[in-house]
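User: I am new to this structure and would like a close look at a single part of it. Please take one residue, describe its surroundings with care, and then point out any backbone features elsewhere that deserve attention.

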Amino acid sequence: MAPSTESAGARSQRIRDAAADWRHWLPIAALTALMVVETFFDLRRAPTPSPWLWNSYFFVYYIGTVICLLLWPRPATTFSRPGSTIVLSGTALMVYALVSASITPRPYVSYTVIPRAYLTVPILTALATLLLAAALIRVLPPAPLHRVLWWPAAATIVCSFLQWPRSAAVHGSARLATGMGGSAVVHVPLMLAAGVTMAAALAGWRRWWSLGLAALGVLAVVLTGSRAGVMCMLLAGVVIALQWLRSRRAWIGAGVVVVVAAILVAAVPVLHRLFNPIDELRAKNLDTSLTFWASTPTHILVGVGSGRLWPWYAFDSHLLRTPWRGMVTTHWGPALNSAHSTFLQVLVELGLVGCLLLAPVIIVPVVVLVRRLWPSLRRHARPDPEDVILVALVATIGAFLLDTYLLKNYGASLWWWLVALGALRRRPTSHEESELELHGEDQLTSPDLAGTQSCDSSAPSTSAQNAG
């Protein structure tokens, strides 16, 4: 009985230590709660009647950033050089867009001159999204990212199904959507959450729960009916299969998932749109925007002005009524009420200067991923499971062609920034990992983590990680 009593006492002490060290679990719990709220509620709205100027994202994200800085003045983790590059480039892009919105001629839409505040507030909210992501990653414990983001990912996936009946009634469509965004954009956070849980499953962290959540995440992406989402998921799936699925059983499981997804798409009429890649409205929008952008050398260099062609925030805030099928008649021709493309919005409204500022945000994760996978390819070895998350992130960049992120769709953008900055943290040294174990962060004696040590031990060294 004595060994059993001692074991129970030691277990109780570990629980008390973990509860006392609130610096580790509080940020994760708060982020999980935020994901639940964002999934069930549309924070684009303000608590005041429409039309509103200040959205709920603005207040929640700036308040969250301040709380992180006050409660955790010393960072728990630091960014690697690529991570710092992304933070600086993203911030510079937001500042440049804010300056552009402050000086550009005000747009004239539906017989209304749009107030300048409706051009600057969305940029300030986009900046708040980046700042909150950086502040959260700064205070989250330096454990592997699949462990840190496991609960937020699980909450995002599960809650997307729980609120589905409500969103279907609100949107009048059976396509899955959440408070983070409509069915055309929510596939990005769902895919990133699936990437987190898939990495956890491959690393042996809560293996079967993680695998089930990853399958639900893939199913959720298909149920959005987003063509961009399915294409990005297929791209990530091919890379993950070639790099990590080395057993016959794994390939059989992947094949079953593909077959089930194909049957689902074929059987559900609302998903038949996945077979139709043509969109005439986007073609008109592209023609009008590029014609306006190329009209003068100034437009080519610095853009036509942030919010000048696509004053989308005036529609989101209900200052103006959303036009039928999203088309607006402008001085330069018919255009959608938003760019529906991150790259197009930056090119047209912020010019080549804006593209140069955006480029590191997009290119750095791709370069880091290639540098991490290349040694494994040369040695025919299995890469670190943690890199699955970066594969999912890089795959979502393709969605930037077909909808607007980072400068818009703040709930989905927060997920993107979190994963990008989290994947580019400085990985903890062996001494720091032992400190985490002492604080109860890594319960390596747990049965479901039996294989985790071997998986994590194959991770690159700290010096290699800092090099990208």
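Analyst: In this predicted model, Thr330 has a relative accessible area of 13%, and because that value falls under 20%, Thr330 counts as buried. Thr330 belongs to strand E3, which covers residues 327–330. From there, the side chain of Thr330 makes polar contacts with backbone atoms on two residues: the backbone nitrogen of Trp332 is reached at 3.1 Å, and the backbone oxygen of Gly333 is reached at 2.5 Å. Leaving aside residues up to four places away in sequence, Thr330 also touches Thr288, Leu309 and Ala335.

The loop between helix H15 (312–316) and E3 holds His318, a residue other than glycine whose phi is nevertheless positive, near 70°. His318 has a relative accessible area of 36%, and it is therefore described as partly exposed, since this value lies between the cut-offs of 20% and 50%.

A positive phi is also found at Arg206, where the angle is about 50° although this residue is not a glycine. Arg206 sits in the loop between helix H9 (187–203) and helix H10 (207–223), and with a relative accessible area of 24% Arg206 is partly exposed.

One further backbone feature concerns a peptide bond: the one leading from Ser50 to Pro51 is cis, with omega near -5°. Pro51 is placed in the loop between helix H2 (22–40) and helix H3 (56–71).

Notes:
Residues are numbered from 1 along each chain as its sequence is written. This is a predicted model: local features need pLDDT of at least 70, side-chain atom pairs count only at pLDDT 80 or more; totals for chains, interfaces and linings use all residues. Side-chain values use heavy atoms; hydrogens and water are left out. Helices (H or I, at least four residues) and strands (E, at least two) are DSSP runs, numbered from the N terminus. Buried means under 20% relative accessible area, exposed over 50%, partly exposed in between (1.4 Å probe, protein chains only). A polar contact is a pair of N or O atoms within 3.5 Å; within protein, one must be able to donate a hydrogen and the other to accept it, and residues adjacent in sequence count only if both atoms are side-chain atoms. Contact means heavy atoms within 4.5 Å.
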